[in-house]
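Me: I have a model open on my screen and would like a close look at a single part of it. Could you walk me through that part slowly, as you would at the bench?

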Amino acid sequence: GITDAILVGYSMGGRLAMQLMKKAPQRVRAAVIIAADPGATDPAERHERFCKGQVLAGRVEAMDRCAFERFLRSEWYSMPMW
C-alpha cells in the first residue's frame, strides 16, 4: 500500500484527505486542503445537514436538463459557498 502520500483535496476530496490524515497519519507526508472543513461535529447539526441534503438530492434527481440548468443559475451559484 501507499505509505508516504502527499494529498491534495478540494471540497469533499479535502474532507476525505482529512479523514485519512486522522485515521492513518503515518501514511501522509503532506496535504493541501482547499475549500473544505471537517464537517459538523454536533450530531443534531449533522442530522439536519443530512436531511437537507436528501431533500435537495430528491429535487435535483427529478429535474430534466433544462430545469437543472435553471436551478444552477438561480439557486446553486447564489449559495454562500460561492
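What kind of unit do β1, helix α1 and β2 make, and which hand does it have?

Reply: Happy to. This is a predicted model, where local features need pLDDT of at least 70, side-chain atom pairs count only at pLDDT 80 or more, and totals for chains, interfaces and linings use all residues. Residues are numbered from 1 along each chain as its sequence is written, and side-chain values use heavy atoms, with hydrogens and water left out.

Now to your question: β1, helix α1 (residues 12–23) and β2 form a right-handed β-α-β unit. Right-handed here means that, with the strands pointing away from the viewer, the path from the first strand over the helix to the second runs clockwise. The elements are DSSP runs numbered from the N terminus, with helices (H or I) of at least four residues and strands (E) of at least two.

Let's start with the two strands. Strand β1 covers residues 5–10, and it pairs with β2 in the parallel sense over six bridges (pairing takes at least two DSSP bridges). You can follow the register residue by residue: Ala 5 faces Val 28 of β2, and Ile 6 has Ala 30 as its bridge partner in that strand.

In a regular strand the side chains alternate between the two faces of the sheet. In β1, Ala 5, Leu 7 and Gly 9 make up the covered face, while Ile 6, Val 8 and Tyr 10 are on the uncovered one.

Moving on from β1, you reach Ser 11, in the loop between β1 and α1. Ser 11 is not a glycine, yet its phi is positive, at about 60°. With a relative accessibility of 34%, Ser 11 is partly exposed; the scale calls a residue buried under 20% relative accessible area, exposed over 50% and partly exposed in between, using a 1.4 Å probe and protein chains only.

Past the helix comes strand β2 (residues 28–34), which holds Arg 29. Arg 29 is exposed, since its relative accessible area is 54%. Leaving aside residues up to four places away in sequence, Arg 29 touches Asp 4, Ala 5 and Ile 6 (a contact being heavy atoms within 4.5 Å). Ala 5 and Ile 6 belong to the strand β1 you have just followed. With Asp 4, the side chain of Arg 29 makes a polar contact of 3.2 Å; such a contact is a pair of N or O atoms within 3.5 Å, where within protein one must be able to donate a hydrogen and the other to accept it, and residues adjacent in sequence count only if both atoms are side-chain atoms. For a sense of distance, Arg 29 and Leu 16 are 13 residues apart in sequence, and their C-alpha atoms are 15 Å apart in space.

Leaving β2, the loop between β2 and α2 (43–61) contains Ala 35. Ala 35 also has a positive phi, near 55°, in a residue other than glycine. At 56% relative accessibility, Ala 35 is exposed.

So the route through this part runs from β1 through α1 to β2, a right-handed unit, with parallel pairing of β1 and β2 over six bridges.
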